[in-house]
Amino acid sequence: FFTRIFSNTQYGIYTELYAYVVFLLVFLTYGMETGYFRFANSHSSPKKVFSTIIFSLFSTSVLFIVLVSVFNGGIAEFLNYSDKGYLILLFSLVVSIDAFSAVPFAKLRFEEKAKKFGYLKIFNVVVNLFFIFLFFTVFPYIHKTFPDSPLLRLYNPNIKVGYAFISNLIASFATLLLLLPEIKIRIDFIDLKLLKKIYSYSLPLLFVGLAGTINDVADKILLKHLIEDPEEALRQVGIYGANYKLGMLMTIFIQMFRYAAEPFYFSKMKDYDAKETYAKIMRYFIIFGLFIFLVVNLYIEIFKYFIDFKFHSGLHIVPIVLLANLFLGINYNLSIWYKLSNLTRYGAMIALLGAAITISMNISLLPVYGYEASAWTTLICYFTMMMVSYFLGRKHYFIPYALKSILFYFVIALAIYFIQKFIHYPSIIQKNLFNSLFLLLFLWVVLRKERITIRDIKTFIGIKR
């Protein structure tokens with residue numbers, strides 16, 4: 001929707017500011033989600049763990065809002081948005097509310113309240129979309145057709161991109177209100193000694209998160225500053241950001257997996273077959289990830305219509321971004337070794353290595369090759385982190401991953417991708433039909449190798465015999 005109503009430059013502003021939102025969200029949660037799962041599973045009183053952590057998050061979120069309010073003008077000028085200081089304040093409010101809400105949502109995951117978690121997340125999206133539609137479609141129509149309408153007191157056409165943040169803020173605040181029943185804390189449960197232990201475990205994860213965020217969003221920030229022409233820089237940020245979003249199926253899959261996996265991993269850690277379970281999960285995670293990689297790339301002629309035609313010049317980076325995100329998901333799976341063995345400092349080291357690769361390669365290559373360099377840098381960064389994490393994990397917390405099977409599936413998926421790239425099709429319909437056969441081939445190979453039967457599939461999706 002935004003790619004159709006924003007220019008490339010406006011979408012570049014939107015992409016850049018949301019890159020800062022992601023960065024600040026990690027900073028303001030400072031590893032407390034994982035810390036909550038770790039200590040709620042091992043401490044005698046999960047309620048005391050929750051009360052202690054939520055007290056810490058509330059304090060830091062309020063402090064952040066105060067600091068941004070005081071230094072808003074200077075921050076806006078530093079980011080070259082001196083005439084858009086209100087955007088800085090808006091996204092600071094969004095990120096503060098979302099950071100504070102992170103652990104109550106983690107509590108729902110810990111207590112296996114998946115339905116409530118899902119309903120609240122969907123509610124957030126629906127409210128956000130409602131106000132986006134209101135501010136970007138309904139009010140502009142009223143402004144154009146009925147310029148004297150009293151409803152226009154709620155609308156200022158000069159705000160433009162800012163309404164994306166206003167919509168997000170309304171959705172985040174409304175979601176927080178519905179989360180309040182979960183935020184039951186007792187003052188006498190706030191344990192500063194426990195908080196010190198949680199900080200000791202979680203703060204290294206802050207560096208993991210910050211470095212990981214640098215890997216994820218630094219390219220979108222650096223693009224603006226490393227390309228000389230400001231207009232061209234924002235145009236490239238817009239094209240890159242829009243095509244990066246076409247990897248959304250992979251991103252959604254990884255996010256879904258992360259929501260469910262982290263509490264599960266910690267609850268499983270004491271079982272005798274825990275490592276075998278982690279290895280099996282990894283194998284199936286990669287199979288699903290490769291399936292998504294093929295779906296998006298084989299049907300790119302369909303998926304490209306998710307973004308406006310003026311952004312289609314960047315479609316060639318979509319396979320690179322998808323593969324990079326798959327490596328990121330694998331890296332998340334691998335990270336369980338240092339989280340379970342309390343060696344989170346290794347996670348920080350791996351993430352900092354990735355950040356160094358991201359920054360150095362972008363600075364070297366961006367001015368010459370533009371946003372395509374950012375895509376390749378992301379791929380190289382996540383691949384390197386994945387390999388380093390794997391070999392360190394073998395030494396400190398060995399998990400028997402089925403490497404031969406995993407490599408076999410990678411070879412099959414990549415072979416299918418490259419083979420179909422060299423086939424010329426007379427029409428889009430024929431291309432999609434042939435690519436469907438390629439996709440079925442991959443599924444057939446998986447079913448045969450994994451010895452999955454129709455009965456297994458029915459059981460998995462809940463169909464009774």
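Which residues does Leu 294 touch, not counting residues up to four places away in sequence? They are Tyr 299, Ala 413, Ile 416, Tyr 417, Leu 439 and Phe 442. The model is predicted.

## Nonpolar cores

Leu 294 belongs to the largest nonpolar core, which has 152 residues. Leu 294 is among the residues with the most contacts inside this core. The others named with it are Tyr 36, Phe 165, Ile 330 and Phe 410. Another core lies apart from the largest one. That second core has five residues, including Leu 108, Phe 117, Leu 120 and Leu 179.

## Overall fold

The protein has 20 helices. The strand count is zero. Its radius of gyration is 23 Å, and the globule rule gives 23 Å for 465 residues, so the protein is as compact as a globular protein of that length. Along the principal axes, the C-alpha atoms fill a box of roughly 70 × 70 × 50 Å.

Of the 465 residues, 53% count as buried. Contacts also reach across the sequence. Among contacts with a separation of 6 or more, 82% come from residues 24 or more positions apart.

## Salt bridges around Lys 116

The whole structure holds 11 salt bridges. One of them pairs Glu 182 with Lys 116, at 2.7 Å from N to O. Glu 182 sits in the loop between α8 (162-179) and α9 (192-226), while Lys 116 sits in helix α7 (residues 114-145), so this pair ties together parts that are 66 residues apart in sequence. The two partners differ in burial. Glu 182 is buried, with a relative accessible area of 6%. Lys 116 is partly exposed, at 31%.

Glu 111 forms a salt bridge with Lys 107. Their closest N and O atoms are 3.3 Å apart. Here Glu 111 is the partly exposed partner, at 33% relative accessibility. Lys 107 is buried, with a relative accessible area of 14%.

## A bridge between α19 and α12

Which residue does Glu 450 meet in a salt bridge? The partner is Arg 283, at 3.1 Å from N to O. Glu 450 lies in helix α19 (residues 428-450) and Arg 283 in helix α12 (residues 274-298), so the pair ties together parts that are 167 residues apart in sequence. Glu 450 counts as buried, at 13% relative accessibility. Arg 283 is buried too, with a relative accessible area of 16%.

Elsewhere, salt bridges with shared partners build one network. This network joins Lys 107, Glu 111, Lys 113, Lys 116 and Glu 182.

## Ser 405 beside Arg 283

Arg 283 also has a contact in helix α18. Ser 405 is found in that helix, which covers residues 403-421. Leaving aside neighbours within four places in sequence, Ser 405 is in contact with Arg 283 and Lys 449. Is Ser 405 buried or exposed? Ser 405 is buried, because its relative accessible area is 16% and the cut-off for buried is under 20%.

## Tyr 163 in helix α8

Tyr 163 is found in helix α8. Its relative accessible area is 4%, so Tyr 163 is buried. Which residues are in contact with Tyr 163, leaving aside its neighbours within four places in sequence? They are Phe 135, Phe 136, Leu 154, Tyr 155 and Asn 156.

Phe 136 is 27 residues from Tyr 163 along the chain. The C-alpha atoms of the two are separated by 7.7 Å.

## Surface

The accessible surface of the protein comes to about 23300 Å². Carbon and sulfur atoms account for 69% of this area.

A nonpolar patch lies on the surface. It is formed by Phe 58, Val 62, Leu 63, Val 66, Leu 67, Val 70 and Phe 71. Together these residues have about 660 Å² of accessible area. One of them, Leu 67, lies in helix α4 (residues 46-70). Leu 67 counts as partly exposed, at 42% relative accessibility.

Notes
Residues are numbered from 1 along each chain as its sequence is written. This is a predicted model: local features need pLDDT of at least 70, side-chain atom pairs count only at pLDDT 80 or more; totals for chains, interfaces and linings use all residues. Side-chain values use heavy atoms; hydrogens and water are left out. A nonpolar core is a set of buried Ala, Val, Leu, Ile, Met, Phe, Trp, Tyr and Cys residues joined through side-chain atoms within 4.5 Å. Buried means under 20% relative accessible area, exposed over 50%, partly exposed in between (1.4 Å probe, protein chains only). Contact means heavy atoms within 4.5 Å. A salt bridge is a side-chain nitrogen of Lys or Arg within 4 Å of a carboxyl oxygen of Asp or Glu. Helices (H or I, at least four residues) and strands (E, at least two) are DSSP runs, numbered from the N terminus. The radius of gyration is taken over C-alpha atoms; the globule rule is 2.2 Å times the number of residues to the power 0.38. Accessible areas come from the Shrake-Rupley method with a 1.4 Å probe; for residues, only the protein chains shown count as cover. Patches are made of residues with over 30% relative accessible area and no salt bridge: like charges are joined within 9 Å, nonpolar side chains (Val, Leu, Ile, Met, Phe, Trp, Tyr) within 5 Å.
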